[in-house]
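This report walks through selected local features of one chain. Look at the structure first, then follow the sections below.

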Amino acid sequence: MCATRVVQRVAIAGLGAIGRAVARKLDEGVTGLTLSAVAVRDPAGADTFLKTLSRRPAVIALDALAGHADIVVECAPAQLLVAIAEPVLREGKKLVVLSVGALLSNPQLGQMAERYNAQILVPTGALIGLDAVLAAAEGRIESVRMITRKPVKGLAGAPFLVERGIRLDELREPLKVFSGTAREAASGFPANLNVAAALSLAGIGPDRTLVEVWADPSVTRNTHRIEVESDSARFSMTIENIPSENPRTGRITAHSVIALLRKLTSSVRVGT
């Protein structure tokens, strides 16, 4: 006799480019999952999109997400992470975090997850090779370095650039605009470098993971290269991501979220 599969409810905080892509994929059908609710800043503005779904989810407030879901996917601005996360973690639910950089400045969220037997899940996102980094971290990693190249418009409005008066409007050749740690990168580029934070959490931490950021008018894709030296392997990997509707993020980010959600309910799980 076959056991009945339990369907888990998924709620999404934020319906920007990534949130809409995740919502649409869930609406099309992912085994073992159902889209139960969304929380948006402008419910009236989201109505047009929601009408395109075959099953309309409930539209609720951010602090009500935990009551409508088993898994909450955060696709919102980084400054909203704590407001989204705390109620979810207190209820012992699963929280998928895309604003990974904000985790570095809010370590209490990890402590809350442990206290309430909740889980914070970080998808691979727009990066590559986190499985290899996680495996290498079981031994000894000597160094981790990431070099990011982005089209100029993909860096527009980054706090690091605004605070220093760095203008890229007339840029005609590649310019290195940042060199520092993953913690500094996540703070200075909160909408651009969540990948650096994820890489640091998989490996040797945000203060030892080194990051370079280049504004490059010659590229059309967000490009990340990681270089790792460890006692088990030396490896380097590069990914070139096609931007989504939001030039700061790649299309593959939403796919990564769906892949993570599938893995939660799958009978066969591939990868670390």
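Leaving aside neighbours within four places in sequence, which residues is S256 in contact with? The contacts of S256 are P123, T124 and G125. The model is a predicted one.

## S256 and I258 in helix α10

S256 sits in helix α10. Its relative accessibility is 12%, so S256 counts as buried, the cut-off being under 20%. A polar atom of the S256 side chain lies 2.8 Å from the backbone nitrogen of G125. G125 is also among the residues in contact with S256.

I258 belongs to helix α10 as well. At 6% relative accessibility, I258 is buried. Beyond four places in sequence, I258 touches V22, K25, L26 and V30. What separates I258 from G29 in sequence and in space? The two are 229 residues apart along the chain, and their C-alpha atoms are 11 Å apart.

## The second largest pocket

The second largest pocket holds about 670 Å³ of space. Its lining counts 26 residues, and V122, P123, T124, L260 and T272 are the closest to its centre. P123 and T124 also appear among the contacts of S256.

Which element gives the most to this lining? Helix α10 does, with 6 residues. At least two lining residues come from each of β6 (119–121), α6 (130–136), α9 (194–202) and α10 (252–265). By class, the lining has 17 nonpolar, 6 polar and 3 charged residues.

## N241 at the end of β11

N241 is part of strand β11, which spans residues 234–241. Is N241 buried or exposed? N241 is buried, because its relative accessible area of 3% is under 20%.

Not counting residues up to four places away, N241 touches A126, R221, N222, H224, G250 and I252. With A126 there is a polar approach: a polar atom of the N241 side chain lies 2.7 Å from the backbone oxygen of A126. R208 is 33 residues from N241 along the chain, and the two C-alpha atoms are separated by 25 Å.

## Helix α3 and its covered face

Helix α3 runs over residues 81–90. Its buried residues are L81, I84, A85, V88 and L89. Why do the buried residues of α3 line one face? Seen down the helix axis, they fall within an arc of 110°, so they line one face of the helix.

Several elements cover these buried residues. Among them are the strands β1 (8–13), β4 (71–74), β5 (94–97) and β6. The helices α4 (100–104) and α5 (108–115) also take part. After α3 comes G92, with a positive phi near 70°.

## Helix α5 and the loop after it

L109, M112 and A113 are the buried residues of α5. They cover an arc of only 100° around the axis, which puts them on the same side of α5. E114 and R115 are exposed on the other side. The cover over the buried residues of α5 includes α3, α4 and β6.

N117 comes just after α5, in the loop between α5 and β6. What is the phi of N117? The angle is positive, about 60°, although N117 is not a glycine. Most residues other than glycine have a negative phi. N117 is exposed, because its relative accessibility of 68% is over 50%.

## K94 in strand β5

K94 lies in strand β5, one of the elements covering the buried residues of α3. Its relative accessible area is 26%, so K94 counts as partly exposed, in between the 20% and 50% cut-offs.

Which residues does K94 contact, leaving aside those within four places in sequence? They are D70, I71, V72, V88, Q119, L121 and L264. V88 is one of the buried residues of α3. A197 is 103 residues from K94 along the chain, with 20 Å between the C-alpha atoms.

Conventions:
Residues numbered from 1 in each chain as written. Predicted model: local features only at pLDDT ≥ 70, side-chain atom pairs only at ≥ 80, totals over all residues. Heavy atoms only, no water. Helix = DSSP H or I, 4+ residues; strand = E, 2+ residues; numbered from the N terminus. Buried < 20%, exposed > 50% of the residue type's maximum accessible area, 1.4 Å probe, protein only. Contact = heavy atoms within 4.5 Å. Polar contact = N/O pair within 3.5 Å; in protein donor to acceptor, adjacent residues only side chain to side chain. 1 Å grid on protein atoms, 1.4 Å probe; cavity = no way out; pocket = protein on both sides within 12 Å on 5 of 7 lines; lining within 4 Å. Points joined across faces, edges and corners; volume = space filled by probe spheres on them. Nonpolar A, V, L, I, M, F, W, Y, C, P; charged D, E, K, R; others polar. Arc of directions from axis to C-beta.
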